[in-house]
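I opened this entry to note what I looked up in the structure, beginning with a single residue and going on to a helix, a sheet and the contact between chains.

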Amino acid sequence: MKELRVCLLAFTVCLAAACDQDCPQTGSPNTTYVYSYFDSSGTAHIGSFTTDDGGNATITDVPDDIDCSKITSREDKDVAVVQSQV
Amino acid sequence: MTHDGKRRAFLSRCIRYAAAAAAVACAVLLTAGALRTSALKGDGRAEARRQFQARVRDGVGRGVALAPRGSSQGEVRAAVNSVASFIERRSGVGLSGRTKGRLAELEARVSSGAARGLTLDELSEAVTAMALERLSSLSDRDVAYADETLRGFDAPGMPGHYNRDFALPGGVVFAGAPREKTVARLLAARDQSRSGPAGDVLKGMLRTVIRARVKDKARYLGESVPEMFGNTWDALGGRERDPSGGGGVTPLQAVLITYSLASDDYLSDGDGALAQRMQTRQKALTRAAGEEYPSPAGRRPFGVNGYLFSSPLDLVLDEQTVNRLLDRVEERSAA
């Protein structure tokens with residue numbers, strides 16, 4: 001149910017112009033994670049997000065040529081961040 | 001039946017029994033494994049919840065002193081000051097003396113029983129109306145500023161591989177979305193908020209999101225710090241308190257919850273824990289990027305250019321917008 005709420009907010013923002021795919025994330029409540037992925041040109045991208053009080057978050061508007069399963073996210077305290085090649 | 005026939009029948013029975021026993025054993029093991037996995041997951045979730053509640057107690061529980069029902073004017077004023085100081089310390093956004101005075105008056109009326117607290121739906125309606133009104137009044141320049149701010153912390157020397165991705169409170173991040181795309185979306189949302197039918201659709205969706213978020217906040221605050229938020233949420237019964245029975249959200253709690261919604265500050269973690277979170281984050285991002293991520297020294301965790309979550313809080317909690325929220329709170333609490 002909470003995952004739906006997170007997605008609904010993303011959908012509200014995407015109402016005016018369609019967004020690309022959503023990649024839902026689950027973790028500990030109110031915790032910051034570092035995510036990383038490589039795009040189709042091989043360029044590494046790093047970002048961060050914080051989960052809600054239910055431990056849910058969504059990385060949205062992800063380009064269709066990037067597989068959600070290849071986006072790696074690690075909790076801040078895990079200093080070793082693993083990156084995946086798409 | 002011959003001796004060989006009896007032997008074959010006996011062996012066949014043995015094989016069938018063995019197969020049945022193996023099947024039962026497998027089923028038992030699989031069921032036990034599934035139950036154990038489920039129990040472990042449940043234990044893990046419960047433990048994560050307990051840890052989160054402890055963090056909330058360390059944050060708002062220790063950083064704010066709300067005045068219980070029946071408090072004196074002086075105690076109410078001290079409570080307002082403690083909330084204003086808490087918000088300013090974490091986000092840099094302050095409430096003016098005039099706003100604090102009005103907030104103290106409204107809080108004192110609820111505290112004395114002259115006015116009632118709000119239901120969670122009433123608070124959600126007030127916050128939704130405030131958000132839409134503020135959105136519709138944004139200039140193009142404000143929208144560009146909001147987009148820039150929602151792209152997260154920025155400072156000289158950001159690592160080259162780090163994406164300042166557009167993010168919204170509540171765990172929504174738009175990975176790799178270019179600036180022109182997110183600005184166009186914000187402009188479209190602003191224009192929709194100004195028009196009739198499209199504005200109604202936007203309002204309906206926003207109300208649904210805000211209502212769910214307000215309820216979540218009331219629930220975890222009531223569970224984590226019942227001595228401060230037990231009037232809004234009955235943790236044992238798992239439901240909100242009825243304002244007609246002395247419960248309901250007070251005006252000061254309404255401001256605190258609105259701040260939390262807009263800033264993505266879950267009101268968890270005290271000053272020390274927040275400083276630790278910022279340092280840990282710097283280390284993690286430095287390792288991930290392979291370059292030094294800017295230091296959190298002298299930075300605030302929330303608000304404009306917040307190190308943990310950056311938001312245009314100065315646009316949301318400006319004098320006029322906070323007072324429009326208080327207008328609505330006053331109107332409903334008098335009903």
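I looked first at Thr128(B), which is buried because 21 other C-beta atoms lie within 10 Å; a residue counts as buried if 20 or more other C-beta atoms lie within 10 Å of its own, as exposed if 12 or fewer do, and as partly exposed in between, with C-beta atoms placed from the backbone. This is a predicted model, in which local features need pLDDT of at least 70 and side-chain atom pairs count only at pLDDT 80 or more, while totals for chains, interfaces and linings use all residues. Residues are numbered from 1 along each chain as its sequence is written, and chains are lettered from A and ligands numbered from 1 in the order in which they are written.

I placed Thr128(B) in helix H4 (residues 120–136) of chain B, where helices (H or I, at least four residues) and strands (E, at least two) are DSSP runs numbered from the N terminus. Leaving aside neighbours within four places in sequence, I found Thr128(B) in contact with Lys203(B), Leu206(B), Arg207(B) and Ile210(B), contact being C-beta atoms, placed from the backbone, within 7 Å. Arg190(B) is 62 residues from Thr128(B) in sequence and 14 Å away in space, C-alpha to C-alpha.

I then turned to helix H2 (residues 73–91) of chain B, whose 19 residues reach 27 Å from first C-alpha to last, close to the 27 Å expected at 1.5 Å a residue, that is, 1.5 Å times one less than the number of residues. Its buried residues include Val76(B), Val80(B), Val83(B) and Ile87(B). The buried residues of H2(B) lie on the same side of the helix, because they cover an arc of only 155° around the axis, taken from the directions from the axis to the C-beta atoms. After H2(B) comes Gly92(B), with a positive phi near 85°.

Next I traced an open sheet of four strands with mixed pairing, in the order S1(A)-S4(A)-S2(B)-S1(B); strands pair if DSSP finds at least two bridges between them. S1(A) and S4(A) run antiparallel and are joined by five bridges, with Cys23(A) opposite Ile59(A). Ile59(A) also stands opposite Val173(B) in S2(B), and three bridges join S4(A) to S2(B), which run parallel.

Last, I asked how many residues each chain gives to the contact. Chain B gives 43 residues and chain A gives 40.

Conventions: Contact = placed C-beta atoms within 7 Å.
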